[in-house]
Amino acid sequence: ADPEAYVLSASTQTHNPDFYESFFPDYVTGLQRQGWPVDGIAAHFYPQGNGTPQDRMEQIDTVQRALDKAGAPEDLPLWDTEVNYNVGLPGGEPEGRVSGQRAAAWTAVTFLDSWRAGVRRPYWYLWSADYYSFPGIQMRIGDAATAALGTLGDWVIGAEFEGCDEKGAAVTCAFSREGDGEFTIAYSTGGNATLTVAGDAEVCPVYGGECQQRSGSVTFNDTPVRIKTGA
């Protein structure tokens, strides 16, 4: 009906191995036989149980390996059409089972991880003014995760993504923006990590705390920080 419409594949969830294995490998083989009649691949990268952003990255890698095995076109984009953490567990406080600085960190890391893993679009589930008991991270006005995503947006909207490097636990993602120059967003996948910087640097945390000045090196953890040298 609309030749300009963007058509995604059927979406698969990835946190239950039995469900995933019984559907997705055969499905992408079928797409291959049909000449890949879709404009993008959709998947849900909810980690299983109380999994972390690192568990989500393993699920993304599993899907990408299946696509590679089936010979998917290199330019066929992958979308994460639903993501959250600790989904469906019983109980939970009004601020969610993952809250505060951890919620801020995991939300920002989810989007940064998506870019470095080649996931074109991640969609957070869900946004609401009300509290819902099943999402582990709540996305409401005033919640830590919402504020962190707003901060991340302030950092990167209008900037050019230059790619990410991973050395040990340290992940550094480079950006540049006209009028603002180059900057780095850094976070750790486990414990503290240190980045050497040239001269002085302004370091700002994604949860909205005050920026600090550092010289020579910057130490950070799983909470992303924006590092701007010469500031």
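Begin by selecting Trp 36, which in this predicted model is a buried residue with a relative accessible area of 12%; the assignment follows because buried means under 20% relative accessible area. Trp 36 sits in the loop that runs between helix H1 (17–33) and strand S2 (41–44), and its backbone deserves a look as well, since phi is near 55 degrees, a positive value in a residue other than glycine. Most residues other than glycine have a negative phi.

Go next to Asn 86, in the loop between strand S3 (78–83) and helix H3. Here too the residue is not a glycine and phi is positive, near 55 degrees, and Asn 86 counts as buried, with a relative accessibility of 10%.

From there, select the peptide bond between Tyr 125 and Leu 126, which is cis, with omega at about 5 degrees. Most peptide bonds are trans. To place this bond in the fold, note that Leu 126 belongs to the loop between strand S4 (119–124) and helix H4.

Now display helix H3 (residues 100–117) together with helix H4 (residues 144–156), whose axes are 7 Å apart and which pack at an angle of about 40 degrees. That angle makes H3 oblique to H4, because angles under 35 degrees count as roughly parallel and those from 65 to 115 as roughly perpendicular. If the handedness of the pair is of interest, the crossing of H3 and H4 is right-handed.

To see what fills this contact, show the side chains on both helices. On H3, select Gly 100, Ala 103, Ala 104, Thr 107, Ala 108, Phe 111, Leu 112 and Trp 115, and on H4, select Ala 144, Ala 145, Ala 148, Leu 149, Leu 152 and Val 156. How many of the residues in the contact of H3 with H4 are nonpolar, polar or charged? Colouring by residue class would show 12 nonpolar and 2 polar residues, with no charged residue in the contact.

The last stop is the strand pair S8 (residues 193–205) and S9 (residues 212–220), which run antiparallel and are joined by 8 bridges. Select Ala 193 and look across to S9, where Phe 220 stands opposite. Then follow the chain round from one strand to the other: S8 and S9 form a hairpin with 6 residues between them, and in the turn Gly 208 has a positive phi of about 100 degrees. Unlike Gly 208, Trp 36 has its positive phi as a residue other than glycine, and so does Asn 86.

Conventions: Residues numbered from 1 in each chain as written. Predicted model: local features only at pLDDT ≥ 70, side-chain atom pairs only at ≥ 80, totals over all residues. Heavy atoms only, no water. Axes fitted to C-alpha atoms, helices over the stretch in contact; angles between N-to-C directions. Helix = DSSP H or I, 4+ residues; strand = E, 2+ residues; numbered from the N terminus. Parallel < 35°, antiparallel > 145°, perpendicular 65-115°, else oblique. Left-handed = near helix turned anticlockwise from the far one by under 90°. Contact = heavy atoms within 4.5 Å. Nonpolar A, V, L, I, M, F, W, Y, C, P; charged D, E, K, R; others polar. Pairing = 2+ DSSP bridges. Buried < 20%, exposed > 50% of the residue type's maximum accessible area, 1.4 Å probe, protein only.
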